[in-house]
Amino acid sequence: MQRGHEGRGLRTLDPGREDGRGDCAHHPRDDGLRLTDCYITAAARCVPPANKPTTEEVATCRRFLAAEIRSLPDLAVILALGTVAHGSVLAALGRIRAAHPFRHGALHDLGSGLMLADSYHCSRYNVNTGRLSRAMFDRVIRNVRGLLDAPAGPGRRVESPAPR
């Protein structure tokens, strides 16, 4: 997510309906929603069989992800939805994965003012099985918003991830 960047006409995902069953379907383009301080991209750009990209597919797409990250000079926070995105961001930035283990709600300082925030992917499977609830996802989004709104440097206040 980038300070001062605004996207228009992009589709958004809803990680949970009011009834708690979850609905990750795309909203129509005329839903009136607007992305603020946000840029959306993907670690893998294909829909592979069983929705699980292979190592080769993710590696092939990584150079595009790295180029997109480099093209955003004011980038402050990257929100990784799932372990595939988390690992791909770290690889694209040349960071060691073991130094930044994936954990829902975790925040990783990647240096140079860049933070990586982790969330379980808001897939229908994760929502319907209760692995990711609306409250869990909202907490991550509030933390990212807090990072973007806070002055740079130590002392940023964020919520602790709730236990599953």
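Which residues does Glu-68 touch, not counting residues up to four places away in sequence? In this predicted model, Glu-68 touches Tyr-39, Thr-41 and Arg-45 once those sequence neighbours are set aside. The residue is found in helix α1, and it counts as buried because its relative accessibility is 16%, which falls under the 20% limit used for that term. With that residue as a point of entry, the description can turn to the whole chain and then return to the helix.

The protein chain has four helices and five strands, and read from the N terminus its elements follow the order β-β-α-β-α-β-β-α-α. Of its 164 residues, 38% are buried. Among the contacts that join residues at least 6 apart in sequence, 56% are between residues at least 24 apart. The accessible surface of the chain comes to about 9,900 Å², and carbon and sulfur atoms account for 54% of that area.

Helix α1 covers residues 55–70; it has 16 residues and spans 22 Å from its first C-alpha to its last, close to the 22 Å expected at 1.5 Å a residue. The helix nevertheless contains a kink of about 35°, centred on Arg-62. Besides Glu-68, the buried residues of α1 include Val-58, Cys-61, Leu-65, Ala-66 and Ile-69, and the elements that cover the buried residues of this helix include β3 and α2.

Helix α2, which covers residues 83–92, is largely enclosed by the rest of the structure, because seven of its ten residues are buried. Those residues are Ala-85, His-86, Gly-87, Ser-88, Val-89, Leu-90 and Ala-92, and the buried residues of the helix pack against α1, β3, β4 and β5. Just after α2, Gly-94 takes a positive phi of about 70°.

The strands against which α2 packs can be followed through their pairing. Strand β3, residues 77–81, is mostly covered, with four of its five residues buried, and it pairs with strand β5, residues 115–119, in the parallel sense over five bridges. Within this pairing, Val-77 has Met-115 of β5 as its bridge partner, while the partner of Leu-81 in β5 is Ser-119.

How many of the five residues of β5 are buried? Five of the five are buried, so the strand is largely enclosed by the rest of the structure. Both of its faces are covered, with Met-115, Ala-117 and Ser-119 buried on one side and Leu-116 and Asp-118 buried on the other. Strand β5 also takes part in a second pairing, since three bridges join it to β4 and these two strands run antiparallel. Here Asp-109 stands opposite Met-115 in β5, and Met-115 is also the bridge partner of Val-77.

The hairpin formed by β4 and β5 has five residues between the strands, and in it Gly-111 takes a positive phi near 85°. Ser-112, in the loop between β4 (107–109) and β5, has a positive phi of about 55° although it is not a glycine. As a general background, most residues other than glycine have a negative phi. Is Ser-112 buried or exposed? It counts as exposed because its relative accessibility is 82%, a value over the 50% limit for that term.

The side chains of several of these elements come together in nonpolar cores. In soluble globular proteins, nonpolar side chains tend to be buried together. The largest nonpolar core here has 15 residues, and those with the most contacts inside it are Ile-69, Leu-75, Ile-78 and Leu-116. The elements that give two or more residues to this core are α1, β3 and α2, and the largest share, four residues, comes from α2. Apart from this core lies another, of nine residues, among them Val-77, Ala-117, Val-144 and Leu-147. Strand β5 can be recognised in both descriptions, as Leu-116, among the residues with the most contacts inside the largest core, and Ala-117, a member of the other core, are buried on opposite sides of that strand.

Note on methods:
Residues numbered from 1 in each chain as written. Predicted model: local features only at pLDDT ≥ 70, side-chain atom pairs only at ≥ 80, totals over all residues. Heavy atoms only, no water. Buried < 20%, exposed > 50% of the residue type's maximum accessible area, 1.4 Å probe, protein only. Pairing = 2+ DSSP bridges. Core = buried A, V, L, I, M, F, W, Y, C linked by side-chain atoms within 4.5 Å. Expected span 1.5 Å × (residues − 1). Bend = angle between axes of the 7 residues up to and from the residue. Contact = heavy atoms within 4.5 Å. Areas by Shrake-Rupley, 256 points an atom, 1.4 Å probe, with all protein chains shown as cover.
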